[in-house]
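Colleague: I am new to this structure and would be grateful for a guided reading. May I put some questions to you in turn?

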Amino acid sequence: QVQLVESGGGLVQAGDSLRLSCAASVSNYAMVWFRQAPGKEREFVAAISASGITTNYVDSVKGRFTISRDNSKKMAYLQMDNLKPEDTAVYYCAAGTSWTLRRAEAYAYWGQGTRVAVSS
């Protein structure tokens, strides 16, 4: 059973930064961040391969968000810079065998989510 626990969310102002963390019980899975804003579907944000060599981002966060991982600590991170009000959502960490898939249904393991709110 893969367990994932997110942390690091909070309330910030536009332009601020936050770093989300995902503690995993495994280190040999691709790690993915999704987000879900109120009334909207869960949206792919970023993914990183199991090795950490390859990353994948949704266009709206490219240049602002950076996904990384530390396999020795079984941790994944999402550094979010220059946050915008439209980044407000619950952010979920997921694990799976592929870092290229952007559909939430493709990932079997999920954390409970951490809330990010960005005020203008």
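Modeller: The questions below go from the whole chain to its strands and then to a single residue, and the model under discussion is a predicted one.

Colleague: How many helices and strands are there in the protein chain?

Modeller: From the N terminus on, the elements run β-β-β-β-β-β-β-β-β-β-β. The count for the protein chain is accordingly zero helices and eleven strands.

Colleague: What is the radius of gyration of the protein chain, and what does the globule rule give?

Modeller: Along the principal axes, the C-alpha atoms fill a box of roughly 40 × 30 × 25 Å. The chain is as compact as a globular protein of its length, because its radius of gyration is close to what the globule rule gives for 120 residues. The two values are 13 Å for the chain and 14 Å for the rule.

Colleague: What share of the contacts between residues at least 6 apart in sequence joins residues at least 24 apart?

Modeller: Contact here means heavy atoms within 4.5 Å. Among the contacts that qualify in the protein chain, the share joining residues at least 24 apart is 57%.

Colleague: Which strands stand at the edges of the open sheet with the order 1-3-8-7?

Modeller: Four strands form this open sheet, and their pairing is antiparallel. Two of them have a single partner strand each, so one side of each is left without a neighbour in the sheet. These edge strands are strand 1 (4–7) and strand 7 (65–70).

Colleague: Which residue of strand 8 stands opposite Ile 67?

Modeller: Strand 7 pairs with strand 8, residues 75–80, in the antiparallel sense over six bridges. Opposite Ile 67, in strand 8, stands Leu 78.

Colleague: Is strand 9 largely enclosed by the rest of the structure or largely open, and how many of its residues are buried?

Modeller: A residue counts as buried when its relative accessible area is under 20%. Strand 9 is largely enclosed by the rest of the structure, because the buried residues among its eight number eight.

Colleague: Which residues are the bridge partners of Val 90 in strands 4 and 11?

Modeller: Strand 9 runs antiparallel to strand 4 (residues 30–36), with seven bridges between them. Strand 9 is also antiparallel to strand 11 (residues 114–119), here with three bridges. Val 90 is paired with Gln 36, and in strand 11 it stands opposite Arg 115.

Colleague: Which residue of strand 10 is the bridge partner of Ala 94?

Modeller: Strand 10, residues 109–110, pairs with strand 9 in the antiparallel sense over two bridges. The partner of Ala 94 in strand 10 is Trp 110.

Colleague: Where does Thr 88 lie, and is it buried, partly exposed or exposed?

Modeller: Thr 88 lies in the loop between strand 8 and strand 9 (89–96). Its relative accessibility is 26%, and the class between 20% and 50% is called partly exposed. Thr 88 therefore counts as partly exposed.

Colleague: Which backbone atoms lie 2.9 Å from a polar atom of the side chain of Thr 88?

Modeller: Beyond its neighbours within four places in sequence, Thr 88 is in contact with Ala 37, Val 116, Ala 117 and Val 118. One backbone atom at 2.9 Å from a polar side-chain atom of Thr 88 is the oxygen of Pro 85. Another at 2.9 Å is the backbone nitrogen of Val 118.

Colleague: How far apart in space are Thr 88 and Arg 115, C-alpha to C-alpha?

Modeller: In sequence, Thr 88 and Arg 115 are 27 residues apart. In space, their C-alpha atoms are separated by 7.9 Å.

Technical notes: Residues numbered from 1 in each chain as written. Predicted model: local features only at pLDDT ≥ 70, side-chain atom pairs only at ≥ 80, totals over all residues. Heavy atoms only, no water. Pairing = 2+ DSSP bridges. Buried < 20%, exposed > 50% of the residue type's maximum accessible area, 1.4 Å probe, protein only. Polar contact = N/O pair within 3.5 Å; in protein donor to acceptor, adjacent residues only side chain to side chain. Rg over C-alpha atoms; globule rule 2.2 N^0.38 Å.
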